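Colleague: I am new to this structure and should be grateful for a close look at a single part of it. Please then set that part within the whole.

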Amino acid sequence: MKKIYAQALLLASLLPAAASYAALPTYDFKVVRSYPHDTQAFTEGLLYRDGFLYESTGLNGKSSIRKVDLASGKVLQSKDIPPQYFGEGLTVWGDTLVGLTWQTQTGFVFDLKTFELKSQFAYPGEGWGLAQNGKELVMSDGSATLRFLDPKTFLEVRRVKVTADGIAVNQLNELEVVDGEIFANIWHTNTIARIDQNTGKITGWIDFSKLYPDAGKGPNAENVMNGIAYDADKKRLFVTGKLWPKIYEVKIVPRK
């Protein structure tokens, strides 16, 4: 599985405390509603588009992209990724879905309607999370760096180092752009970082430790939080995790 960086995990495990020491706000959440989720889905990417969820799943031989009915959790359409690839982050660009793979330095472009493979591209290093901000694709690779890619050429146009009070924060995983701000799952934690996409500075933490008590307690402790989707029209935020039984619609609230 993904390489664990001990120092980063130590920092990540202390995120709520670190946030208070760094004078960064910590936010809580309220569950608005929950929806069924496939407990066989090793969620790597999640997004909302035109009334449906699109999801990518990982693990060699089990990776796929899916179109999912939000209310029922039913998989309406799916396409398997060749078994040599470990599927990772997924985003939408125009009439396509763009997906990453973990260690094979290969990305795929699929037709949004048919899931037909249209093209593929290469990138250096690992692929973890993927999102888009309307102008660029935003990619994480497990480090403290976010790369911004040209959505036509997939070449890197800039990058930012993600920091909290000047300290680099790595293990950035699944990404979503929410009202101009990047939300990033910190791998193997129940914490989402809120990141300024221009400076890389973390502006706050969202603590989801009370959302799903069984997170991180499954086989190999890999059923961790990972999956953020945003319905920009209705301002709805959805979160889930690998192999979780539910997707949660949540509202972020200040900690009292």
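Modeller: The model shown is predicted, and a suitable part to examine is the pairing of strand β2 with strand β3, which covers residues 52-57. The two strands run antiparallel and are joined by six bridges. One residue pair can be named here: tyrosine 48 has leucine 53 of β3 as its bridge partner. Together, β2 and β3 form a hairpin, with two residues between them. Aspartate 50 lies in the turn, where its phi is positive, at about 55 degrees.

The surroundings of β2 deserve attention as well. This strand spans residues 43-49, and because six of its seven residues are buried, β2 is largely enclosed by the rest of the structure. Buried here means a relative accessible area under 20%. For the protein as a whole, 55% of the 256 residues count as buried.

The hairpin belongs to a protein with two helices and 22 strands. Along the principal axes, the C-alpha atoms fill a box of roughly 50 × 40 × 35 Å. The radius of gyration is 17 Å, which agrees with the value near 18 Å for a compact globule of 256 residues. Of the contacts between residues at least 6 apart in sequence, 51% join residues at least 24 apart.

As for the surface, the protein exposes about 11,500 Å², and carbon and sulfur atoms supply 51% of that area. The protein has 30 positive and 28 negative charges, and the mean positions of these two groups are 3 Å apart.

Key. Residues are numbered from 1 along each chain as its sequence is written. This is a predicted model: local features need pLDDT of at least 70, side-chain atom pairs count only at pLDDT 80 or more; totals for chains, interfaces and linings use all residues. Side-chain values use heavy atoms; hydrogens and water are left out. Buried means under 20% relative accessible area, exposed over 50%, partly exposed in between (1.4 Å probe, protein chains only). Helices (H or I, at least four residues) and strands (E, at least two) are DSSP runs, numbered from the N terminus. Two strands pair if DSSP finds at least two bridges between them. The radius of gyration is taken over C-alpha atoms; the globule rule is 2.2 Å times the number of residues to the power 0.38. Contact means heavy atoms within 4.5 Å. Accessible areas come from the Shrake-Rupley method with a 1.4 Å probe; for residues, only the protein chains shown count as cover. Lys and Arg count as positive and Asp and Glu as negative; His and the chain ends are not counted. The place of a charge is taken as NZ of Lys, CZ of Arg, CG of Asp or CD of Glu.
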